[in-house]
2 protein chains.
Amino acid sequence: MDDAEALPDKTPRTARGRRTLRKLLDAAAVEFGEKGFHEASISSITRRAEVALGTFYTYFDSKDALFRALVGDMSEAVKVSARDALSDDMGALEIERAALAAFLSFAREHREIYRIIDEAEFVDPASYRDHYETIAARIAKRLKEGADAGELREGLGETEAWAMMGMNVFVGLRYAVWSDGDPDEIASRVNALIARGIAAEPD
Amino acid sequence: MDDAEALPDKTPRTARGRRTLRKLLDAAAVEFGEKGFHEASISSITRRAEVALGTFYTYFDSKDALFRALVGDMSEAVKVSARDALSDDMGALEIERAALAAFLSFAREHREIYRIIDEAEFVDPASYRDHYETIAARIAKRLKEGADAGELREGLGETEAWAMMGMNVFVGLRYAVWSDGDPDEIASRVNALIARGIAAEPD
């Protein structure tokens with residue numbers, strides 16, 4: 001999350017303030033993940049974060065504002081975890097494989113992300129839409145770079161980006177949240193699908 | 001929906017009863033789609049359905065029971081709309097293309113389905129899971145049949161089925177619910193992705 005964007009007038013200016021904000025966001029992830037938005041309470045979140053109730057309002061105006069900031073924070077965390085798994089020497093297909101494996105590992109460690117992002121569809125539809133549009137735009141950019149490098153087909157774009165994002169989200173739900181699949185094995189299978197498709201090889 | 005399964009002791013036995021049940025389900029789709037589960041009310045649903053409030057309880061014990069039946073009814077409608085688009089002379093890849101095009105057309109006409117299925121994750125998690133597990137099993141079965149016919153690669157299974165379902169769900173969200181894409185064009189692009197992948201053709 002770009003703090004300055006999410007909290008126009010409440011951005012912490014000190015390291016201590018940033019640590020407190022971090023504690024509030026981490027506590028909010030647990031609270032919203034366990035209870036859902038409507039049952040979650042600010043007082044329970046500040047208790048989890050070991051932060052005084054009054055301090056909360058230094059950072060956020062409301063439970064809604066905290067939820068919105070949390071969705072942005074999770075989008076950023078997904079982005080960073082994927083980026084950290086990539087290196088400059090990877091080809092276009094290897095980048096997609098590594099990004100998915102990193103996402104699956106991230107989702108296993110942060111299973112609450114699905115519930116929180118999915119609940120954003122109802123609690124904060126603009127954040128929900130922004131989350132997916134941002135990821136799709138990132139994938140579309142990688143597809144274009146891969147085509148420019150001659151590694152991927154020409155003409156891939158937004159439709160393929162949304163399709164690939166959907167694949168990643170659903171295999172994450174199935175194999176990271178609902179069960180413990182091996183991230184590398186799942187990512188390799190999905191990568192084979194996008195690399196060469198499902199058609200039989202011509203004889 | 002298998003009425004007998006969803007409504008063990010309240011299955012309508014007459015044609016008139018089945019028409020009333022249909023009116024209640026259709027009204028529920030509009031009500032839950034517009035207001036969400038928590039704001040929706042039985043009295044508003046019976047008003048929309050032009051059914052007496054007391055009649056509701058001939059069919060359902062509660063708002064929860066109606067919601068559960070509606071999710072099952074929508075799963076069934078998705079299945080029927082895909083099945084009606086298929087014919088015996090289609091190859092395995094053409095089947096996937098036609099099934100997706102049918103789903104996109106269905107979702108354009110029934111945009112509320114996304115909100116209702118997605119809300120099931122919170123209101124009725126078992127129905128949510130069942131909805132997707134049933135669809136994935138159907139896709140996995142088609143992949144096996146395609147491999148048996150020599151049209152698709154051997155070894156495709158559950159992982160590929162979840163990946164393909166995710167593609168379909170997300171392109172539906174993007175191009176049927178959030179905007180009006182051409183179902184045939186979108187389905188053809190996604191079909192090219194699953195048919196031959198995104199890698200550049202070898203020179």
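Select first the 18 residues that line the largest cavity, of which V78(B), F103(B), I135(B), N168(B) and V169(B) lie nearest its centre; a cavity is a set of points on a 1 Å grid over the protein atoms alone where a 1.4 Å probe fits but cannot get out, and lining residues have an atom within 4 Å of a point. This is a predicted model, in which local features need pLDDT of at least 70 and side-chain atom pairs count only at pLDDT 80 or more, while totals for chains, interfaces and linings use all residues. Residues are numbered from 1 along each chain as its sequence is written, chains are lettered from A and ligands numbered from 1 in the order in which they are written, and side-chain values use heavy atoms, without hydrogens and water.

Now colour α8(B), which gives the most to this lining, with six residues; helices here are DSSP runs (H or I) of at least four residues, numbered from the N terminus.

Move next to the second largest cavity, where, of the 16 lining residues, D118(A), F170(A), D118(B), Y128(B) and F170(B) are the closest to the centre. Its lining draws at least two residues from each of α7, α8 and α9 of chain A and α7, α8 and α9 of chain B.

Then show the contact between the chains (heavy atoms within 4.5 Å), to which chain A and chain B each bring 47 residues.

Finally, select E158(B) and R174(A), whose side chains meet in a salt bridge at 3.2 Å, N to O; the term stands for a side-chain nitrogen of Lys or Arg within 4 Å of a carboxyl oxygen of Asp or Glu. Between chain A and chain B the count is four salt bridges.

Notes:
On a 1 Å grid over the protein atoms alone, a cavity is a set of points where a 1.4 Å probe fits but cannot get out, and a pocket is an open set with protein on both sides within 12 Å along at least five of seven lines; lining residues have an atom within 4 Å of a point.
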